[in-house]
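This report sets out selected contacts and aromatic pairs, together with the confidence that attaches to them. Please keep the sequence and the structure in view while reading.

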Amino acid sequence: MTKTINRAREVAMLFVCCWLLFSSAHVLASSNPYVSVEELTAELKTKDIDRILKALNTVKQMTYQGEILPFIRDLWDSRKEKYPELPWDTINTDIVKVDIANILLQAAANGKTKIDKEKVHQFVAGLISSSDVDVARNAILTLSLIDDAKDVGGILAIAKQKK
């Protein structure tokens, strides 16, 4: 009788452990951030910078970026002929463009895409002295992905300012 009770407890414990394992895996899977090309396109069309930046930050957190990276690359390259319906004036603002550069640099560092790092570097380095503090901060953070010693002097000069 005691063996039967112990066996029942073991089976119940095993059931509870499996249930917890599968339910936590489901929660983990459903909490992974993801933005599709269609969703990012919709956010871009709103012209709402905050919403666009939030969507781009979600792209940065995505484990799988295979479907969206070519689209991000097209945004960087300003492929207006491919996407004439997009608000290119908003996409090409410094704050959005530096986030796009950040995504591409991270993807290149992870071997997911190839980009002209020097072109990206020149663009981003030109933004560290922006009067827009958010643009300057994001540019400095993005430059850290390039890790070029030549940028240290410019970043240090910005850091010493009272802004």
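Thr-142, once residues up to four places away in sequence are set aside, touches Val-98, Ala-101, Asn-102, Leu-105 and Val-124. The residue belongs to helix 8, which covers residues 133-146, and with a relative accessible area of 1% Thr-142 is buried. These contacts, like everything that follows, are read from a predicted model.

Val-98 also appears among the contacts of Phe-123, which, leaving aside neighbours within four places in sequence, are Trp-76, Asp-94, Lys-97 and Val-98. Phe-123 lies in helix 7, residues 117-125, and its relative accessibility of 24% places it in the partly exposed class, because the buried class ends under 20%. Between Phe-123 and Ala-101 the C-alpha to C-alpha distance is 8.8 Å, although 22 residues separate them in sequence.

How many aromatic pairs does a search of the whole structure find? The search finds two, and they are set out below with the values that describe their geometry.

| Pair | Centre to centre | Angle between planes | Class |
|---|---|---|---|
| Phe-71 and Tyr-83 | 5.1 Å | 85° | edge-to-face |
| Trp-76 and Phe-123 | 5.5 Å | 80° | edge-to-face |

In the pair of Phe-71 and Tyr-83, Phe-71 sits in helix 4 (residues 69-76) and Tyr-83 in the loop between helix 4 and helix 5, so that the pair ties together parts 12 residues apart in sequence; both Phe-71 and Tyr-83 are buried. The pair of Trp-76 and Phe-123 joins helix 4, which holds Trp-76, to helix 7, which holds Phe-123, and therefore ties together parts that are 47 residues apart in sequence. Trp-76 is buried, at a relative accessible area of 8%, whereas its partner Phe-123 is partly exposed at 24%. Lys-97, one of the contacts of Phe-123, lies over the face of Trp-76 at 5.0 Å from the ring centre.

As to confidence, the protein chain has a mean pLDDT of 84, and 79% of its residues reach 70 or more. Among the elements of the chain, confidence is highest in helix 5 (residues 88-91), with a mean of 98, and lowest in helix 1 (residues 2-31), with a mean of 46. Over residues 11-30 the pLDDT is below 50, and this stretch has zero contacts in the model beyond near neighbours in sequence. Where pLDDT is low, predicted coordinates should not be read in detail.

Key:
Residues numbered from 1 in each chain as written. Predicted model: local features only at pLDDT ≥ 70, side-chain atom pairs only at ≥ 80, totals over all residues. Heavy atoms only, no water. Helix = DSSP H or I, 4+ residues; strand = E, 2+ residues; numbered from the N terminus. Buried < 20%, exposed > 50% of the residue type's maximum accessible area, 1.4 Å probe, protein only. Contact = heavy atoms within 4.5 Å. pLDDT = per-residue confidence, 0-100. Phe/Tyr/Trp six-rings, centres within 6.5 Å; stacked < 30°, edge-to-face > 60°. Lys NZ or Arg CZ within 6 Å of the ring centre and 35° of its normal.
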